[in-house]
Amino acid sequence: MASNPHTRRTLLGGSLALSSALLAAPALASPALAAPALAAPALAAPAFARSGRPQARWGVQSGEITAHSATVWTRSDRPARMYVDTSPSKAFRYAVRRHRGPLLGPSGDFTGTTVLRDLPPGRQIHYRVVLADPDDPRRTGEPVCGTFRTTPVSRRHDVRFLWSGDLAGQGWGINPDLGGYRVFEEMRLRDPDFFLFSGDTIYADGPIQPAVPLRDGSVWRNVTTEEKSKVAETLAEFRGNFRYNLLDRNLRAFNAQVPVLAQWDDHEVRNNWYPGQLIEDPRYTVREADVLVARARQAFGEYFPVTDLRGGRAEGRMYRVMRYGPLLDVFVLDMRTYRGANTPGTQTEDPIGILGPEQLAWVKRELSRSRATWKVIAADMPLGIVVPDGAADFEAVAQGDPGAPLGRELQIAELLRHIKHQRITGTLWLTADVHYTAANHYAPERAAFTDFAPFWEFVSGPIGAGGFPAGRLDATFGPQTAFVQSAPLANMSPSENPPYYGEVDIDGGSGELTVRLRREGGGVLFSRTLQPGHVGQ
């Protein structure tokens, strides 16, 4: 999404204090408890401490859930050894197992993950993270509890997950007057099996001011930090952007109960980046986007439970598939790392496209191999919505030419053709990025390119950023909008334009998949039920 003027302003004065009412409050003892209200800001605890017992003030997360394993994340406020206890009992009264985790230290910003193995399938697992002084294991901090469900092995189990994207963007951060990111508490109460975080999980290029005037004359107040006072360039600043969101109690309570499947888009680095880009924005002293990408990638791997990305490993891939039992496979795309430069998109040949040749071959291969009833393609950018990058270039797939595929559309046409010819059933696309919610149906009878089976693309977000008017559609793949709701003006605050998120339910009996587009406090805006076993819908 294009930057808004709010993200280009700088904070007056020096660094501002954190809200220790968010940061230093005790972590929730049980994820079943409702997230408490926020208190007034006060002087903050440092990013790490040097004495006392280690504390996991940034909460816990889980991810990479399978039938028999899971990955648990935490961050310590000082050097510590991580342990994770698991039990089928919420009170840890029986069958307690201890899993020894890594040493948490400055090389990983005191974050770490522990892989839990030999878990029973389709079961609720309760866990507690215990941090111990590495020199004296008897000195431990207060345990922090969480829970997750391992994936089922039977088709009779229902599946529910949520998705959205775009958090703390366009200058709209954690507002203590409104209770912070309240949408995460609403989503937690939906009790999903996992949350697909569809990119723009932070806004590294979007400084947060302490106060932003609203159109009605009132003021939006933000919790802010030193790392959020400018665009992120150093590794420490990228790490601070991820820590910022974890100051919110609602998000920490959500993370403790709902596993996360995270992907990235542009704002984890900077607006509209692509490999090899040279930065002309005067806010930056670092001019090579690739330098920022390496630092952002390392911080992303440190702050989400994604084992392959920890430590900034070059071999780790952002694109991957999560197999959630017999009913669901989720194919997480990376439409940033391997793309070519943003251009007018009119070329008749484009071997790089938006995925790169290796990722395209991977997704075709994995879709063909999948035996899941439903195959969700999680894209961090939409297919048919035109997303400009300046006056002449384009940021996503579409470029507004309604004719035959050009530019990045060529690669998507190849993928859609593959799905049709291989008779791959049960595909649908989920995305965010454009800061409004919509349901778009693509059909060959309306399209310039016709060699594909009809499909749905559902759009949600932002989860906590500026709302924007709906974009126009490119007719190449024949999209038609069945539903859209958006802000009437650019960069409307979350108080003026409440957050959007999507919900997917798969019925274990019938195999039907129902998508619901939701809005915080507004219930269901749109619903569509799809039937299993069809190449096109």
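This passage describes the secondary structure, the sheets, a helix packing and the salt bridges of a predicted model.

The protein chain of the predicted model contains seven helices and 25 strands. Of its 537 residues, 62% are buried. Where contacts join residues at least 6 apart in sequence, 73% of them connect residues that are at least 24 apart.

One open sheet is built from six strands, which follow the order β13-β10-β9-β23-β24-β25 with mixed pairing. The edges of this sheet are taken by β13 and by β25 (523-530), each of which has a single partner strand, so that one side of each is left without a neighbour in the sheet. On average, and with direction ignored, neighbouring strands of this sheet are turned by 20° against each other. Within it, strand β10 (residues 194-198) runs parallel to β13 and is joined to it by four bridges, and F197 is placed opposite A262 of β13.

A further open sheet comprises seven strands, also with mixed pairing, and its order is β14-β15-β16-β19-β21-β20-β22. Here β14 (320-324) and β22 (479-485) occupy the edges; each pairs with a single strand, and one side of each therefore has no neighbour in the sheet. For this sheet, too, the average turn between neighbouring strands is 20°, direction ignored. Strand β19 (residues 427-431) and strand β21 (residues 455-459) run parallel and are connected by three bridges, with T431 standing opposite V459 of β21.

Among the helices, α3 (residues 235-245) packs against α5 at an angle of about 40°, the two axes lying 9 Å apart. Angles under 35 degrees would count as roughly parallel and those from 65 to 115 as roughly perpendicular, and α3 and α5 are therefore oblique to each other. The crossing of α3 past α5 is right-handed. On the α3 side the contact is made by L235, F238, R239, F242 and R243, while α5 contributes L292, R295, A296, Q298, A299, F300, E302 and Y303. Helix α3 is mostly covered, since nine of its 11 residues are buried; these are E237, F238, R239, G240, N241, F242, R243, Y244 and N245. The buried residues of α3 pack not against α5 alone but also against β2 (70-75) and α4 (249-257).

A search of the whole structure for salt bridges returns 35 of them. In one of these, the side chains of D85 and R98 meet with an N to O distance of 2.7 Å. Because D85 belongs to strand β3 (residues 80-87) and R98 to strand β4 (residues 97-104), this pair ties together parts that are 13 residues apart in sequence. D85 is buried, its relative accessible area being 4%.

A second salt bridge is formed by E503 and R160, whose closest N and O atoms are 3.6 Å apart. E503 lies in strand β23 (residues 500-506) and R160 in strand β9 (residues 159-164), so this pair ties together parts separated by 343 residues in sequence. Both of these strands appear in the order of the six-stranded sheet, where β9 is followed by β23. The two partners differ in their exposure: E503, at 0% relative accessibility, counts as buried, whereas R160, at 22%, counts as partly exposed, because the cut-off for a buried residue is under 20% relative accessible area.

In a third salt bridge, between D265 and R336, the closest N and O atoms are 3.1 Å apart. This pair links distant parts of the chain, 71 residues apart, with D265 in the loop between β13 (260-263) and α5 (289-303) and R336 in the loop between β15 (328-332) and α6 (357-369). D265 counts as buried at 0% relative accessibility, and R336 likewise counts as buried at 0%. Beyond individual pairs, salt bridges with shared partners join R160, R190, E503, D505, R516 and R518 into one network.

Notes:
Residues are numbered from 1 along each chain as its sequence is written. This is a predicted model: local features need pLDDT of at least 70, side-chain atom pairs count only at pLDDT 80 or more; totals for chains, interfaces and linings use all residues. Side-chain values use heavy atoms; hydrogens and water are left out. A salt bridge is a side-chain nitrogen of Lys or Arg within 4 Å of a carboxyl oxygen of Asp or Glu. Helices (H or I, at least four residues) and strands (E, at least two) are DSSP runs, numbered from the N terminus. Buried means under 20% relative accessible area, exposed over 50%, partly exposed in between (1.4 Å probe, protein chains only). Two strands pair if DSSP finds at least two bridges between them. Axes are lines fitted to C-alpha atoms, for helices over the stretch in contact, and angles run from 0 to 180 degrees between N-to-C directions. Angles under 35 degrees count as roughly parallel, over 145 as roughly antiparallel, 65 to 115 as roughly perpendicular and the rest as oblique. A crossing is left-handed if the near helix is turned anticlockwise from the far one by less than a right angle, and right-handed if clockwise. Contact means heavy atoms within 4.5 Å.
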